[in-house]
Amino acid sequence: PESARGDRKPPEGTAPDPTVAIAVGVLYNDRDEVLIAQRPKGRHQGGLWEFPGGKVEPGEDGRTALRRELREELGIEITIARPLIRVRYRYADRAVLLDCWRVSHWEGAVHGREGQRIAWARPEALDERRFLPADKAIITAARLPALYLISPDPGPDLDAFLATLDARLGAGLRLFQLRCREIPLPRYRVLVREARALCERYGARLLLNSALGQALAAEAHGLHLTSTDLLTLKRRSLGRDWLIAASCHDAREIEQAARLALDFIVLGPVLPTPTHPDAPTLGWAGFTALVRRAPLPTYALGGLNPAHLPLAWNAGAQGIAAIRGLWDEIVAFDGGPSRVADPR
């Protein structure tokens, strides 16, 4: 319906509606394409694209509303879905809360039951300018994998380090942060060049940690800001062709990441880690409370491995980020990281 994204103005002289809850489905087919629908020309913002879904009715939760909406709009019955992201967006007249779900299995043939035009598209091919403005963060979430690999310090043996990276990328990881604290610049340049070549061989993206990588970020696929660097920035330092992420620990840092229009954040620590067993942690309850305030895809960090993915998803995370939990052991992923640990 036209009010599904909160873009229908109320009658003059009436107060704006409270936040409108919308259930949104991001459907993936076996080719990792997502389903999109075009708004009819006669409606407000007609011609723009969106992800299917609609308003959560009184007494419904997000999953129940999504099942009903996709049955009505697309003629399908959801069999497997998990939380993807929750997006708050304010239009001129009202605010919306988009409760987005990743739908990987359903029964029935997808078709536009309301006469809407539908299409399957690769997430990376979606043109954000042709979508409803509230859907921008959903597009980013659809493009990101469930696992974010962070490297330990490379140490003196770069060949061994790159061999391990090759193995992890070969196992299906597609997002990698090169985290170096102390390494001579000439040696670092070589490492960045070799790591990027490996990532591009596997279709993965390389981000450089800002502790050492700000000067070379344009030579990779993006930049990961430390929380210190995040708080010092006044504007986004790279264009939209690069990814920019940041490490966050509290609401203040999350708000700064949103102001800078970053692509995603990492939030933690969630659980104790072997290197900092006595450090304060968020726990899953603290993580959930903070991630509800994050308008960006958010990875959970701290003492985590792929077995924690269901907990992370239910807490509102894009997935997990890890050093030891992903670097120390090779894990083979069926169908790549976009499907890792989806229940069957």
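Visitor: Which residue follows α4, and what is the sign of its phi?

Guide: Keep in mind that we're looking at a predicted model. Right after α4 comes a residue with phi near 75°, a positive value, and that residue is Gly-203.

Visitor: What distance should α4 span, and how far apart are its end C-alpha atoms?

Guide: Helix α4 covers residues 185–202, which makes 18 residues. At 1.5 Å a residue, the expected span is 26 Å. That agrees with the model, where the end C-alpha atoms are apart by 26 Å.

Visitor: Within what arc do the buried residues of α4 fall?

Guide: The buried ones are Tyr-188, Leu-191, Val-192, Ala-195, Leu-198 and Cys-199. An α-helix has 3.6 residues a turn, so residues three or four places apart point the same way. Looking down the axis of α4, its buried residues line one face of the helix, because they fall within an arc of 135°.

Visitor: And which residues are exposed on the other side of α4?

Guide: Exposed here takes a relative accessible area over 50%. On the other side of α4, the residues that are exposed are Pro-186, Arg-193 and Arg-201.

Visitor: What do the buried residues of α4 pack against?

Guide: Two helices and two strands are involved. The buried residues of α4 pack against α3 (158–170), α5 (210–213), β9 (175–178) and β10 (205–209).

Visitor: Which element gives the largest share of the largest nonpolar core?

Guide: That core has 58 residues, and Leu-165, Phe-176, Leu-178, Leu-262 and Phe-287 have the most contacts inside it. Leu-178 touches Tyr-188, Leu-191 and Val-192, among others. The largest share of the core is six residues, and they come from α4.

Visitor: How many residues does the second core have?

Guide: This one is separate from the largest core, and it includes Val-20, Tyr-28, Trp-49 and Leu-132. Its count of residues is 26.

Visitor: Is Leu-126 buried or exposed?

Guide: Leu-126 lies in the loop between β7 (117–121) and α2 (136–143). Its contacts beyond four places in sequence include Val-34, Ile-36, Phe-51 and Phe-131. Buried means under 20% relative accessible area. Leu-126 has 6%, so it counts as buried.

Visitor: What is the relative accessible area of Thr-140?

Guide: Thr-140 sits in helix α2. Leaving aside neighbours within four places in sequence, it is in contact with Glu-128, Asp-263 and Pro-297. Thr-140 is buried, and its relative accessible area is 12%.

Methods. Residues numbered from 1 in each chain as written. Predicted model: local features only at pLDDT ≥ 70, side-chain atom pairs only at ≥ 80, totals over all residues. Heavy atoms only, no water. Helix = DSSP H or I, 4+ residues; strand = E, 2+ residues; numbered from the N terminus. Expected span 1.5 Å × (residues − 1). Buried < 20%, exposed > 50% of the residue type's maximum accessible area, 1.4 Å probe, protein only. Arc of directions from axis to C-beta. Contact = heavy atoms within 4.5 Å. Core = buried A, V, L, I, M, F, W, Y, C linked by side-chain atoms within 4.5 Å.
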